[in-house]
Amino acid sequence: MLQYLIILLDDTSTSYCHYSPSQSQHQLIALADLKAGIRFAMKENLMIQYVYPACDLPQEYKETIETIDHSKIIPSNSPMVEEADVVVFNNWKDAVGFSFDESATYVLRICKEDLFAQKEVIGTFISKVARLNIVLIDVETFTENDFSRYKSVLDSFGKETEKLYKAGMSPQLNVITDRIALSQMNNCNAGSNNITLAPDGRFYICPAFYYSAEDKETFCVGDLQSGLAIKAAKLYKLAYAPLCRICDAYQCKRCVWINRKMTFDITTPSHEQCVLAHLERNTSRRVLESVRKEKEFYPEQDIKEIDYLDPFDVRIDWHKI
Amino acid sequence: MRKTITFIVTKDCQLACKYCYLIGKNNKERMSWDVAKQAIDYILSHEDDFQDEGIIWDFIGGEPFLEIDLIDKICDYLKEQMFTRNHHWFNDYMFSFTTNGLNYQSEKLQKYIAKNIDHLSITITIDGTERKHDLNRIYKGSGKGSYKDVVKNIPLWLKQFPTVGTKITISREDIPYIKESVMHVYGLGITDVHINCVFEDVFKDGDDLLFEEQVEALADEIIDNGYYKDHVCSFFDESIGKPLDPVKRNNNWCGAGRMLSIDAAGNFYPCTRFAQYSLRDKKAWIIGNVNDGIDRNKLRPFLLLDRCTQSPQKCIDCEVASGCAWCQGENYDAAEIPTLYQRATAICKMHKAQVRANNYYWNKLYRKLELEGLREEFEENRPVSNQEIC
C-alpha cells in the first residue's frame, strides 16, 4: 500500500540514496505541479517527503510546501539545512566539523574507498546524532576483497555501537542497529510503499529511475493529469522477490534500481547487495550477543547464526528437485 | 543432464517463415571463426562453471547450415579440444541442429554428417501438408512455398536418422490443417511429432474451438488407424491437464539461464530468445561475452524462477495447469516492464482446448484397449518421444 510521496523539488535535488542525480542545471518543479502533487497526496493519504536542492527556494514554494504535513530531506550545503528532518552529506568531509543536531537524522552518502579510509572519523558521528544512515554509492563495484574491508568497517562501527548500548544509550546506525530492532523486512519498497513525483510533473518508481537515461520512460508510472499507473505493480512487493522473501537481512534496502542495474530484473538482487546486507546482519548479530552478556537487550530478538553470505547460494534449485 | 550451448552462426535464412520469432534476421551477422574459437576456449577453460554431465553443442540461425564450413571447423575444434583438455564432456557430447532442410543433400553437409554421425541430432522442420507448410514457410523475396524443396530430402534424412522427430508450429492460420498435417508427417515416415501453438498473442476468440475440433479429429484418426501403437504426437500426453500443487510442482517450465547462446558479436545470452534479433519490444538480455566471461548477476533472475512467482493467480489456481507451457523469452518480450516475472498467458484458451481434446483421446483410447483386452500390452510398449524440448 502506498504511504509516501517523495517530491523532488528540483532537478538538482540531492540524492539521499544510492543513485547520483544526472542533472546539473536547476529546474524547479512547476509551482502548479507542486500544488497538484500536494493535492494528490492529500487525496491518497500519502505522507510527503520533500527532497531539496542545495540552493534556496522561492518564497511561494516555501509557503506551498508548508500546506501539508511533511518531512524535509535537505543537503548539508543548503541554506535551508536548519529546517531539515533529514540532512544529507554527499561527502564525508562535509560532515567533519558540522554542527550536528542530536535529535536529527543524517544520511552519509559515501563511496567504498572513502568509507574504508575514514571509518575512524565516521565512527565518531554515531554518538553525535539521533540516527546515521550510511549509504554506499558504488555497491556494484564491490569485490571479494572489498567485502572483507567492509566487514572490518562494520566491526569497527559495531564496537562503537556496542559501547554506546552498554552505556545505556540508543544509537541508531542503519547498517547495524536496524537489524537488531527489526522482526520483519523493512526495505525501501519503492513502487509499493512510496512513489516519486519528479520536477517534470510525472511519477516514477523512485528518483533513481528519473535520472536514468536508459530506464526513465520504462519506469515512469503516470503523471499528475492521468494519475498513477504502476505497470506490473505486484512485482515491487516483497512476495514477488524470490530471494528477498526468504531472507532475514531485514535491514536491507532491497533497492529495485540496483536490482535493475545489476541483474536486469527489479525482483532480483545482485550478489554484491546480498553479501553487503549479510555482513551487516552478521555484525548486528555479534553486537546483540555481546551486549546481552552485560544486560537484557532485545530479549525477543533472535538473529540466527548462518553459514552463507548470499542466500542465492542456498536457494531452492527446482532444477535439481 | 546435458547442458545446451548454442552458436548463433548466422542470422540469415533462405526462408521468411511468417511465424518465425526471429524478427531481426539479416545476412550481415555471421559468426567469425575467431569469435567461435574464443567462445569455445572460454567455455572449455571454465570447466568448473559448466559441470553438467554432458553437452549438446547446438547450432542455430537463421538457417545454420548456410554456415556449414564454419560449423565443420567448430566441431572439429571442439572434438580436439575436449579430448586434449581431457574435458568430461568428451564422454557425452552431441551436435544438434534444427534446419529448414533445404541444403540437406549438399555435398558439404553430407560429408559433415558422415564424419559426425554418431554424435549428431538433426531435425528438419516440415510443417505438414504442402498447403499447410507453404502457408508459412515461404522463401524470402519470392514468397514461394518451400515444401517441395524440403520434402524431397526427407527420405535421406530418415535413412540417416530413423528415430528422429520433427516439430510442427501452429499459428492462427494453421489451425484448420492440424489433423491433415500430423497425418501427412506420419505418412512421410516420421513417427515422432512435437507440435505446439506459438506463444505470441495471435489467437482470436473462437480459435480455441476450431483448434479443439482439429485436435479431436486428429485423436480419432490416430486411434482409429492404430497410429497410437508406434507414433507419438505431443498433443496427447496423459500428464497434461491436471492441477499443479503450488509447493511441490513449482518448477519453471523452460531452461533459459541454464543454457548459453553465443552470437556473431561474441555476446552471451541465457537463451537465443533473449538475443536482440528475436525480441520485439525489449532490449537484448546480454549476460557476458567471449572476452569478459559471464556476469553471474545477470543469470540470477533466471535461476530463481519458479512457476508460481511469475504466474498470475488464474494460472496458480488453474485446474488444468499441467502441460501449459511458456517461453521465458516471450514472457520477457510481452511483459509490461523488463522482467522475467510476468508470465504471458496468450495461449490460455488454446491450452484448455488441447486439454479437452487430450482427455477425449485418452478416454477413447483406453476404452477401446480395454474392450479389446490390450491395455496392459499398450502400457508396456507405449511409444515415447525422442525429442529434447527446451
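Q: Which residues of E5(B) are on the covered face, and which on the uncovered one?
A: This is a predicted model, so keep that in mind throughout. In E5(B), the covered face holds B:Thr166, B:Ile168 and B:Ile170. The uncovered face has B:Lys167 and B:Thr169.

Q: Why would the two faces take turns like that along a strand?
A: Side chains in a regular strand alternate between the two faces of the sheet.

Q: Okay, and what sheet does E5 of chain B belong to?
A: An open sheet of three strands in chain B, with the order E5-E6-E7 and parallel pairing. Strands E5 (166-170) and E7 (232-233) of chain B are at the edges with a single partner strand each, so each has one side without a neighbour in the sheet.

Q: How many bridges are there between E5(B) and E6(B)?
A: Five, and the two strands pair in the parallel sense. To pick out one spot, B:Thr169 stands opposite B:Asn196 in E6(B).

Q: And how many join E6 to E7(B)?
A: Two bridges, again with the strands running parallel; E6 of chain B covers residues 192-197. There, B:Asp192 is opposite B:Val232 in E7(B).

Q: Switching to helices: why is H7 of chain B called largely enclosed?
A: Helix H7 of chain B runs over residues 178-187, and eight of its ten residues are buried, so the rest of the structure largely encloses it.

Q: Which ones are buried in H7(B)?
A: B:Ile178, B:Lys179, B:Ser181, B:Val182, B:Met183, B:His184, B:Val185 and B:Tyr186.

Q: What covers them?
A: The cover for the buried residues of H7(B) includes H4, E5, E6, helix H8 (207-224) and E7, which belong to chain B.

Q: Which residue with positive phi follows H7(B)?
A: That's B:Gly189, with phi near 105 degrees.

Q: Does anything from that helix turn up in a core? I mean, which residues have the most contacts inside the largest nonpolar core?
A: B:Val182 is among them, and it is one of the buried residues of H7(B). The others are A:Ile7, A:Val51, A:Leu108, A:Tyr204 and A:Ile205, in a core of 176 residues. Helix H10 (residues 271-292) of chain A gives the most to this core, with seven residues.

Q: Where does that core lie relative to the domains of chain B?
A: Domain 1 (1-163 + 253-304) and domain 2 (165-252 + 307-390) of chain B both give residues to it, so the core lies between them.

Q: What does A:Val51 touch?
A: Leaving out residues up to four places away in sequence, A:Val51 touches A:Ile6, A:Ile7, A:Leu8, A:Leu9, A:Ser13, A:Thr14, A:Tyr16, A:Ile73 and A:Pro207.

Q: How many residues does each chain put into the contact between A and B?
A: Chain A gives 21 residues and chain B gives 21 residues. On the chain A side these are eleven nonpolar, seven polar and three charged.

Q: Back to the domains of chain B. What separates their centres?
A: 25 Å, taken over C-alpha atoms. Their contact draws 31 residues from domain 1 and 30 residues from domain 2.

Q: Which elements of domain 1 supply that side?
A: Strand E4 (120-124) and helices H4 (130-136), H6 (154-160) and H9 (300-303) of chain B each supply at least two residues. H4(B) gives the most, with four residues. By type, the domain 1 side has 15 nonpolar, eight polar and eight charged residues.

Q: What about the whole of chain B, how many helices and strands?
A: There are 14 helices and eleven strands. Its radius of gyration is 21 Å, close to the 21 Å the globule rule gives for 390 residues, so chain B is as compact as a globular protein of that length. The C-alpha trace spans about 60 × 50 × 45 Å along its principal axes, and buried residues make up 43% of the chain.

Q: Two spot checks to finish: are B:Lys204 and B:Ile40 buried or exposed?
A: B:Lys204 has 9 C-beta neighbours inside 10 Å, so it counts as exposed; it lies in the loop between E6 and H8 of chain B. B:Ile40 has 20 such neighbours, so it counts as buried.

Q: Where is B:Ile40 found, and what does it touch?
A: B:Ile40 is in helix H1 (residues 33-45) of chain B. Apart from residues up to four places away in sequence, B:Ile40 touches B:Tyr77, B:Leu78 and B:Gln81.

Terms used: Residues are numbered from 1 along each chain as its sequence is written. Chains are lettered from A and ligands numbered from 1 in the order in which they are written. This is a predicted model: local features need pLDDT of at least 70, side-chain atom pairs count only at pLDDT 80 or more; totals for chains, interfaces and linings use all residues. A nonpolar core is a set of buried Ala, Val, Leu, Ile, Met, Phe, Trp, Tyr and Cys residues joined through C-beta atoms within 7 Å. A residue is buried if 20 or more other C-beta atoms lie within 10 Å of its own, exposed if 12 or fewer, and partly exposed in between; C-beta atoms are placed from the backbone. Domain bounds come from an automatic or database domain assignment. Two residues are in contact if their C-beta atoms, placed from the backbone, lie within 7 Å. Ala, Val, Leu, Ile, Met, Phe, Trp, Tyr, Cys and Pro count as nonpolar, Asp, Glu, Lys and Arg as charged, and the others, Gly among them, as polar. The radius of gyration is taken over C-alpha atoms; the globule rule is 2.2 Å times the number of residues to the power 0.38. Two strands pair if DSSP finds at least two bridges between them.
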